[in-house]
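Trainee: I should like to go through this model term by term and ask what justifies each description.

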Amino acid sequence: MADFLAEAQSLFEYTRSLRRDFHAHPELGFHEVRTAGIVAQELSKLGLEFNTGIAGTGVVALLEGAKPGPVILVRADMDALPILEETGAAYASQNPGVMHACGHDGHTAILLTVAKMLQAHRDELAGTVKFMFQPAEEGMGGAEKMIEGGILENPKVDRVLGLHLWNEQPVGWFGISNGPMMAGAEIFKIKVQGKGGHGAAPHQSNDPVLAAAHIVSALQGIVARNVAPLQTAVVSVCTIHGGETFNVIPTAVDMTGTIRTFEPEVRTRVLQRFEETVHGVAEAMGCRATIDLDRLSPATVNHPETALLIQTIAHQLFPDAAIESANCITMGSEDFSFLLEKVPGCFFFVGSANPEKGLDAGHHHPKFDFDEVALPRAAALMATTITYLLSSK
Ligand SMILES: [Zn+2]
Ligand SMILES: [Zn+2]
């Protein structure tokens, strides 16, 4: 087996310069034109076959090993966020108001490095690697659109792999869950409709502000009273808007928020109680509610055997590492879950923070930045895992 850690470390300059270039030129979801162009350019330098324009700006490359075998898909996301960068880094965003604040610049650079390393070892591979560079991970369904575009077929994918640089933890930490990893997410919009009127004559109105306030409180009872204590769910009302001035009871109040769950039965129960609570409380207050519910992504659930393999490889590559299989689960969501819903595989976290260097702001923060020494570590773990999965037995 090749020493991918040594190889990835010798490619550090390559990986870092790609990452810094992507970082300086961030692009929002479905607008990753420059990024996809550089990906295509690097893939052609490697002599890999690839297709562009999948789900808009997605790119897919194929690496055929010397012998036949399974097909492994490995994915990176390419999109940035609508955030004004405040890192002050030399490679800071040159596109004001757009920022790589989640680490997807790193993911794209890591995947190109993995492709470069595996291409150099293609004679040792039995099977095919499909490299998926996806647009629009941040809440816009890029992965789902690439699945609709046929990414899992021709050739049919047997296993999917993905990773996220994780700034909640330092370099040297890995989070590899044997099952649920990230929550499934729904977005909701509620409109509470009442009867407006004079603020001094509330008895002539049906106040949607009061109804909305009761709905917010009552929704807290779902997690407290309808979800088993050892299971998890989140119901968060995150925006509430209603009214224009101090002496007018408005006719309507709008609220938005999110629901997070792991198990399908918990999701069903929470959604049912959510609808009953919103409608029931609104009616009790003489108002009427309408609900608009959208599924953002299913839960990200790993295939236990694949997770175990990656944990074993991580232990071998990084004997001093902290490898977490339980305390790495988050209520955040990831659209990699759409791939895991169809094909077994694993999505894992690679610790990337370094508080001593001041590189520990959280994901989506205007000062977000990670320690780039995490890049070769992530690339080595991914390349070694793929090689294990494609070694002829
Ligand atoms: Zn993000
Ligand atoms: Zn992300």
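Trainee: What covers the buried residues of helix 3?

Mentor: The cover of those residues includes helix 2 (12-24), strand 1 (49-54), strand 2 (58-64), helix 4 (104-120) and strand 4 (126-134). Covering here rests on contact, which means heavy atoms within 4.5 Å. Helices (H or I, at least four residues) and strands (E, at least two) are DSSP runs, numbered from the N terminus. This is a predicted model, in which local features need pLDDT of at least 70 and side-chain atom pairs count only at pLDDT 80 or more, while totals for chains, interfaces and linings use all residues. Residues are numbered from 1 along each chain as its sequence is written, chains are lettered from A and ligands numbered from 1 in the order in which they are written, and side-chain values use heavy atoms, with hydrogens and water left out.

Trainee: Which residues of helix 3 are buried?

Mentor: They are Thr35, Ala36, Ile38, Val39, Ala40, Glu42 and Leu43. Buried means under 20% relative accessible area, exposed over 50%, and partly exposed in between (1.4 Å probe, protein chains only).

Trainee: How do you know that the length of helix 3 agrees with its number of residues?

Mentor: The expected span is 1.5 Å times one less than the number of residues. For the 13 residues of helix 3 (residues 33-45) that gives 18 Å, and the end C-alpha atoms are 18 Å apart, so the two agree. After helix 3 comes Gly47, with a positive phi near 75°.

Trainee: What covers the buried residues of helix 2?

Mentor: Their cover includes helix 3, helix 4 and helix 10. The buried residues themselves are Tyr14, Thr15, Leu18, Arg19, Phe22, His23 and Ala24. Helix 2 also has 13 residues, which should span 18 Å, and its end C-alpha atoms are 18 Å apart, so expectation and model agree.

Trainee: Why is Thr128 called buried?

Mentor: Its relative accessible area is 7%, so Thr128 falls under the 20% limit and is buried. Thr128 lies in strand 4, and its contacts, not counting residues up to four places away in sequence, include Leu62, Pro70, Ile72 and Leu390.

Trainee: What makes the pair Thr128 and Glu64 a polar contact?

Mentor: A polar contact is a pair of N or O atoms within 3.5 Å; within protein, one must be able to donate a hydrogen and the other to accept it, and residues adjacent in sequence count only if both atoms are side-chain atoms. The side chains of Thr128 and Glu64 are joined at 3.1 Å, so the pair meets the distance limit.

Trainee: Which side chain does that of Asp77 meet in a polar contact?

Mentor: The partner is the side chain of His104, at 3.3 Å. Asp77 is in strand 3 (residues 67-77) and is buried, with a relative accessible area of 0%.

Trainee: What makes Cys102, His104 and His164 donors of the zinc ion (ligand 2)?

Mentor: Donors are N, O and S atoms within 2.8 Å of the metal (3.2 Å for Na, K and Ca); water is not among the atoms, so sites may look incomplete. Cys102 (SG), His104 (NE2) and His164 (NE2) lie 2.1 to 2.4 Å from the zinc ion (ligand 2), so they qualify. Their spacing in sequence is C-x1-H-x59-H. Cys102 also bridges this ion and the zinc ion (ligand 1), the two lying 3.2 Å apart.

Trainee: How do you know that Cys328 forms no disulfide with Cys346?

Mentor: A disulfide is a pair of cysteine sulfur atoms within 2.5 Å. The sulfur of Cys328 is 9.0 Å from that of Cys346, its closest, and this is too far for a bond. The whole structure has zero disulfides. Cys238 is likewise in none, the nearest cysteine sulfur, that of Cys102, being 17 Å away.

Trainee: Is Cys238 buried or exposed?

Mentor: Cys238 has a relative accessible area of 55%, so it is exposed. Cys328, at 4%, is buried.

Trainee: Why is Ser391 called partly exposed?

Mentor: Its relative accessible area is 28%, so Ser391 falls between the two limits. Ser391 is found in the segment after helix 10 (374-389), and its side chain reaches the backbone oxygen of Tyr388 at 2.9 Å.
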